[in-house]
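Hello,

Here is the structure for you to take over. My notes on what was found follow below.

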Amino acid sequence: MNFRFHYNFVIFITLLFTACQQSATEQATSTQQTTHNDTLSMSSQPDVHSFARPNEAVVKHLSLDLTVDFNSKTLAGKVSLNIDNKTQTDTLYLDTYNLTINKVTAGAEEKPVTYTLGKKVEHLGQALALVITPEVKQVHIYYTTSPQAEALQWLTPQQTAGKKYPFLFTQSQAILARTWVPIQDSPGIRFTYDAKIKVPAELLALMSADNPTVKNAEGVYTFKMDKPIPAYLLALSVGDLAFESLGPNTGVYAEPATLKKSVYEFADLEKMLGAAEKIYGKYAWGRYDLLVLPPSFPFGGMENPKLTFATPTILAGDRSLISLVAHELAHSWSGNLVTNQTWNDFWLNEGFTVYFERRIMEELYGKPYADMLALLGYQDLMQTVEEFGKDSKDTQLKLELAGRNPDDGVSDIAYEKGFSFLLVLEKTVGREKWDAFVKNYFQKFSFQSMNTENFLNYLKAELFADNPQQFDQLNIQEWVYGQGIPANIVKISSERFEAVDTAVQQWQQGTPAAQLKTKEWSSHEWLHFIRQLPDSLNISQMSELDKAFYFTDSGNSEILAAWFEHAIQTQYKPAYPALEKFLISVGRRKFLTPLYQALIKTPEGKKTAHQIYAKARPNYHFVAVNTLDSLLK
Ligand code: BES
Ligand code: ZN
């Protein structure tokens with residue numbers, strides 16, 4: 001698909017919206033246009049993953065009042081929605097998935113409201129249509145979640161670090177907020193919120209909002225998020241949690257059993273926040289805290305505003321995996337402040353965030369360090385393109401996810417091809433000019449959504465105004481709408497990895513593993529080392545490496561996961577007990593998928609995979625189960 005087509009399409013849509021004057025994005029952005037880009041028109045695109053019709057009536061604020069019941073594994077209570085009925089419509093459309101709606105009322109008098117639940121659509125759930133009049137400013141929905149609500153993971157005490165109390169956390173991205181709140185679940189729609197959450201008295205509740213730091217005797221907690229956020233950033237966690245400060249604006253929550261380790265690991269958090277602000281401007285959200293979850297958390301991290309949710313698998317004991325925190329922090333600008341308008345524009349969230357993450361790491365730990373991360377990312381990208389096939393549409397930055405689960409769009413393409421594209425832009429105009437552009441971009445479109453076409457128009461108008469030919473020479477249409485990797489990708493090299501490559505060669509030429517010069521290596525060098533090992537290792541080579549470097553016993557999840565891939569390939573059985581333990585205790589999908597994939601390549605491995613999965617599956621969150629069920633079916 002070429003850029004010209006999209007450009008025409010943008011103009012068409014723009015005209016359409018100018019005529020109707022209905023586009024929220026357009027109205028919001030047009031008031032902020034500066035003289036410089038008055039000619040720029042911002043267009044809004046429909047979200048194929050939501051039933052909401054925000055051009056008619058849109059939610060501006062929500063108030064949650066919920067009780068968390070660990071026995072029935074449900075949230076029950078009410079949500080009140082303040083709405084802006086733009087077109088005096090008689091119907092408000094919301095997204096729901098497996099919710100039981102008990103009652104709907106309107107206004108302070110709580111007059112009964114008629115409603116219907118639409119038919120169930122795969123991936124999307126059911127539209128909840130409320131019959132309203134133009135006077136209605138607020139509706140109240142009384143509802144209960146399903147014990148199978150896909151955003152929610154209810155953990156038994158056994159699945160926590162402390163083993164004494166149950167635990168609950170949500171994961172709303174991409175379209176799972178609708179499984180725990182009836183809401184307009186589209187990243188292009190933003191609202192403020194407050195909440196009252198009742199939990200068992202021995203537990204603490206936290207949200208993507210202003211948070212308490214200590215428990216109270218009643219087990220009732222109130223929250224406020226006074227900045228507008230999209231639904232996928234709604235988050236709640238309940239457990240035996242404690243807080244420790246890391247600086248004036250930062251801190252960490254964890255179970256008491258993991259708090260000390262967490263405080264050590266994230267000691268640089270306050271500095272990291274400062275480094276990020278220095279690069280792209282003021283942090284907009286007040287405090288920045290981390291929440292360390294039990295190991296079944298399906299992601300490395302989730303950028304819930306004010307409170308990043310993180311996997312405990314980054315607690316390596318040596319602060320070596322904190323680039324993940326830099327990543328989630330970076331989302332406070334890319335994603336949370338300027339948000340992908342639809343899931344087809346996901347690269348705008350993740351590509352920018354990977355780019356910013358590496359800038360933060362460079363600022364704090366130097367260029368050789370950031371280069372290692374970039375090269376590991378480049379390897380991931382090449383592998384992903386190979387797996388998808390270089391002609392696959394899933395290798396486009398602009399995704400085509402209509403009719404599919406947006407989770408299918410979560411791959412290294414958005415992250416690493418997105419990063420690579422932005423690096424081309426940085427190298428083309430120079431860092432100084434690029435940084436000024438990005439800083440301005442985050443500020444100008446704060447608390448708004450952005451789609452790929454509007455971004456490209458803005459890019460051309462702002463960054464290439466004095467040199468449009470340069471813009472035309474960048475292969476932008478190929479980068480964004482084309483498949484595979486364009487030829488003008490910036491080559492990345494890493495001096496620290498060159499030393500690793502030498503060591504791998506020396507070992508292959510006969511130097512015993514124990515004599516290799518590995519003393520100063522960080523976990524990134526080790527990861528590169530393991531990745532560079534040939535596929536054809538034999539058992540005695542595996543054994544030699546393991547004796548020299550203790551990979552099977554590593555406390556570093558990245559090293560373990562990479563090593564286990566070789567162990568599976570070579571059927572190096574001494575690592576299997578540790579592999580099984582890892583697969584049962586860790587729920588992070590990024591580690592699970594490649595390991596199960598490697599296992600099922602042989603008939604014997606397939607048996608092992610099914611045996612382990614039978615034990616492990618109850619520990620996994622729905623998003624991991626969803627992926628693995630289809631892999632192992
Ligand atoms: N927002 C993502 C996680 C996500 C993406 C959840 C799409 C659901 C749908 C988060 O910021 C992320 O990218 N996490 C990565 C970490 C990373 C350092 C690339 C992860 O979990 O591995
Ligand atoms: Zn991310």
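Let me start with Gln-509. Its relative accessibility is 66%, so Gln-509 counts as exposed, the cut-off being over 50%. Keep in mind that this is a predicted model. Gln-509 sits in a loop, with α13 (495-508) on one side and α14 on the other. Arg-531 is 22 residues away from Gln-509 along the chain. The C-alpha atoms of the two are 18 Å apart.

Helix α14 covers residues 523-532, and Glu-525 is part of it. Is Glu-525 buried or exposed? Glu-525 is buried, with a relative accessible area of 4%. The side chain of Glu-525 has a polar atom 2.6 Å from the backbone nitrogen of Ser-522.

Zinc site

Next, the metal. Which residues coordinate the zinc ion (ligand 2)? His-327 and His-331 each do so through NE2. Glu-350 is listed twice, each time through OE. The distances run from 2.0 to 2.7 Å. Along the sequence, the donor residues follow the spacing H-x3-H-x18-E.

The zinc ion (ligand 2) has six donor atoms. The angles among them range from 52 to 159°. Six donors count as octahedral only if opposite donors are over 155 degrees apart and all others lie between 65 and 115. The site is therefore classed as irregular, with angles down to 52°.

Both histidines are covered by protein. His-327 has a relative accessible area of 9%, so it is buried, the limit being under 20%. His-331 is at 0% relative accessibility and also counts as buried.

Ligand 1

There are 16 residues around ligand 1. The ones that come nearest are Gln-173, Gly-300, Glu-303, Glu-328 and Tyr-415. Tyr-415 has a polar side-chain atom 2.6 Å from an oxygen atom of ligand 1.

Two of the zinc-coordinating residues turn up here as well. A polar side-chain atom of His-327 is 3.1 Å from an oxygen atom of ligand 1. In the side chain of Glu-350, an N or O atom lies 3.2 Å from a nitrogen atom of ligand 1.

The three-stranded sheet

Now the strands. One open sheet has three strands, in the order β3-β7-β6, with antiparallel pairing. The edge strands are β3 (91-96) and β6 (115-117), and each pairs on one side only. From one strand to the next, the twist averages 20°.

β7 spans residues 126-131 and runs antiparallel to β6, joined to it by three bridges. β3 and β7 are also antiparallel, with six bridges between them. Which residue of β7 is the bridge partner of Leu-117? That is Leu-128. Leu-94 stands opposite Leu-128 too. β7 is mostly covered, since five of its six residues are buried.

Around β10

Strand β10 covers residues 167-170. Phe-167 and Phe-169 point one way from it, and Leu-168 and Thr-170 point the other way. All four are buried. As a general point, side chains in a regular strand alternate between the two faces of the sheet.

β10 has antiparallel pairings with β9 and with β14. Strand β9 (residues 152-155) shares four bridges with β10. In that pairing, Leu-155 stands opposite Phe-167. Strand β14 (residues 236-239) shares two bridges with β10. Here Ser-237 is the bridge partner of Phe-169.

The five-stranded sheet

A further open sheet has five strands. Their order is β15-β16-β17-β19-β18, and the pairing is mixed. Why do β15 (242-245) and β18 (301-302) count as edges? Each has a single partner strand, so one side of each is left without a neighbour in the sheet.

For β18, the pairing is with strand β19 (residues 307-310). The two run antiparallel and are joined by two bridges. Met-302 stands opposite Phe-309 in β19.

Over to you.

Best wishes

Key: Residues numbered from 1 in each chain as written. Chains lettered and ligands numbered in written order. Predicted model: local features only at pLDDT ≥ 70, side-chain atom pairs only at ≥ 80, totals over all residues. Heavy atoms only, no water. Donors = N, O, S within 2.8 Å, 3.2 Å for Na, K, Ca; no water. Tetrahedral: all angles 85-135°; square planar, octahedral: opposite > 155°, others 65-115°. Buried < 20%, exposed > 50% of the residue type's maximum accessible area, 1.4 Å probe, protein only. Pairing = 2+ DSSP bridges. Axes fitted to C-alpha atoms, helices over the stretch in contact; angles between N-to-C directions. Near = heavy atom within 4 Å. Polar contact = N/O pair within 3.5 Å; in protein donor to acceptor, adjacent residues only side chain to side chain.
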